[in-house]
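With the structure open in a viewer, follow the stops below in order. Each one says what to select and what is found there.

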Amino acid sequence: MNGKPHAMVLGTGRAVPDKVLTNADLEKMVKTSDRWITERTGIKERRVVEPGTPLSELATEAALAALENAGVAGEEIDLVIVGTVTGDMKFPATACLVQERIGAKSAVGFDLSAACSGFLYGLQVAGSLIAQGGYRRALVIGGDVLTSMVDWDDRDTCVLFGDGAGAVVLGPSDGERGILGTYLKSDGKYSHLLCNPGCGSLNPPTPENVRDKLHTIRMEGREVFRHAVVSMVDALKTVLDEAGMTVDDLDLLIPHQANLRIIEAVNKRFRVPAEKLFVNVEQYGNTSAGSIPIALAEACQSGRVEKGSLVGMVTFGAGFTWASALIRL
Ligand code: UT7
């Protein structure tokens with residue numbers, strides 16, 4: 001989706017749990033150290049839900065914050081998309097639960113599965129549906145409760161993830177502001193490198209599969225790292241090229257917050273100065289589909305960007321999926 005904007009951001013919101021899990025806490029759980037985690041990932045702490053807290057709670061809180069920020073009432077929303085891989089249940093869609101809680105009686109709601117890329121995929125889908133003319137007020141939410149599928153005995157993965165959700169309200173563009181470009185890609189060849197093999201139809205939750213922890217996250221960290229860097233560079237370069245822009249045009253770049261070293265490796269190629277590069281991975285770890293919309297809401301609400309600012313966003317996740325977007329706020 002490139003060219004004249006059709007849909008623009010009217011408001012942003014975020015929700016993260018109050019509970020903080022620090023590197024020092026993790027030192028008591030697995031054989032790790034604050035030093036290793038900080039040097040290899042940049043993460044110092046992450047927010048985690050109380051066990052049993054569903055994604056819909058965070059998603060609804062983020063949605064209500066975005067609605068308030070946009071000055072839009074829940075009943076005005078006609079489309080709800082939730083990008084997530086940790087919905088409350090296999091069905092119904094978490095988007096339907098959020099729809100009910102915000103009073104969006106006439107909306108259509110559905111979930112979208114693209115792992116860490118879920119929010120940018122959702123932005124593209126909602127933007128296209130608004131561009132077609134059928135919808136006027138869309139909520140795009142990205143969020144995950146990845147701690148619900150973490151193996152807390154596996155130091156390779158348990159130090160990386162946190163919980164959270166972010167949301168935007170979209171409406172028709174005023175002609176200048178809005179989504180200027182998006183780029184989505186996937187490649188299923190690498191699906192085995194980052195996956196949650198249990199819980200689906202492949203490995204239903206039998207006692208044996210639960211015993212073997214198939215319901216937890218499996219990741220080949222080093223391989224994922226390598227692909228993440230190459231793919232995020234590809235995505236950001238492509239969306240900028242197609243828009244006839246360079247990183248110098250950006251007021252802010254929001255990369256997926258998985259690992260500070262990935263962000264730095266991507267930025268080696270683009271050389272975005274620190275004041276234009278958004279980083280909050282030290283506070284939240286990797287919140288999957290929540291990562292980009294949480295960062296966007298924080299950037300808007302802290303005044304780091306304002307109406308008219310050009311924001312680039314780029315992400316990478318399981319699938320593999322990767323994506324980028326350029327928006328004029
Ligand atoms: O959203 C997209 C999803 N995920 C990602 O983007 C994650 C991508 N991958 C990464 O961020 C990094 O690969 C990790 C942070 C997961 C790992 O960092 P790394 O620099 O690639 O480390 P490594 O996997 O090569 O492991 C190096 C060593 C190993 O020990 P040996 O074999 O060298 O003796 C690991 O066993 O570090 C060890 N190790 C740890 N040590 C202390 C792995 N995890 C830990 C830990 N604490 N938590």
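Select Arg 155 together with the ligand: a backbone N or O atom of Arg 155 lies 2.9 Å from a nitrogen atom of the ligand. The model is a predicted one, and the distances quoted on this tour are computed from it.

Stay with the ligand and add Arg 40, which has a polar side-chain atom 2.8 Å from an oxygen atom of the ligand. Then add Arg 261, where a polar side-chain atom lies 3.2 Å from an oxygen atom of the ligand. On its own the ligand has 950 Å² of accessible area, and the protein covers 77% of that.

Next, colour the helices around the ligand. Four of them give two or more residues each to the shell: H2 (34–41), H6 (155–158), H8 (221–243) and H9 (260–270). Which helix gives the most to this shell? Select H8, which supplies four residues.

Now show the whole shell. There are 23 residues around the ligand, and those that come nearest are Thr 32, Arg 40, Arg 222, His 256 and Asn 259. Coloured by class, the shell divides into eleven nonpolar, six polar and six charged residues. Colour by domain instead, and at least three shell residues come from domain 1 (6–174) and at least three from domain 2 (180–328).

Leave the ligand and go to the second largest pocket, which holds about 160 Å³ of space. To display its lining, select Val 9, Leu 10, Gly 11, Thr 12, Asn 69, Arg 177, Cys 300, Gln 301, Val 305, Glu 306, Lys 307 and Leu 329. Strand E1 (7–15) and helix H11 (291–301) are the elements that give two or more residues to this lining. The largest share, four residues, is from E1. By class, five of the lining residues are nonpolar, four are polar and three are charged.

Why does this pocket lie between the two domains? Domain 1 (6–174) and domain 2 (180–328) both contribute residues to the lining, so the pocket lies between them.

The remaining stops are in the backbone, so to speak of loops:

- Select Phe 91 and Pro 92. The peptide bond from Phe 91 to Pro 92 is cis, with omega near 5°. Pro 92 sits in the loop between strand E4 (79–83) and helix H4 (94–102).
- Select Gly 319 and Phe 320. They are joined by a cis peptide bond with omega of about -10°. Phe 320 belongs to the loop between strand E12 (310–317) and strand E13 (321–328).
- Select Arg 271. This residue is not a glycine, yet its phi is positive, at about 55°. To find Arg 271, look in the loop between H9 and helix H10 (281–284).

To finish, return to H9: this helix gives two or more residues to the shell around the ligand, and the loop that holds Arg 271 runs between H9 and H10.

Key
Residues numbered from 1 in each chain as written. Predicted model: local features only at pLDDT ≥ 70, side-chain atom pairs only at ≥ 80, totals over all residues. Heavy atoms only, no water. 1 Å grid on protein atoms, 1.4 Å probe; cavity = no way out; pocket = protein on both sides within 12 Å on 5 of 7 lines; lining within 4 Å. Points joined across faces, edges and corners; volume = space filled by probe spheres on them. Nonpolar A, V, L, I, M, F, W, Y, C, P; charged D, E, K, R; others polar. Domains from an automatic or database assignment. Near = heavy atom within 4 Å. Polar contact = N/O pair within 3.5 Å; in protein donor to acceptor, adjacent residues only side chain to side chain. Areas by Shrake-Rupley, 256 points an atom, 1.4 Å probe, with all protein chains shown as cover.
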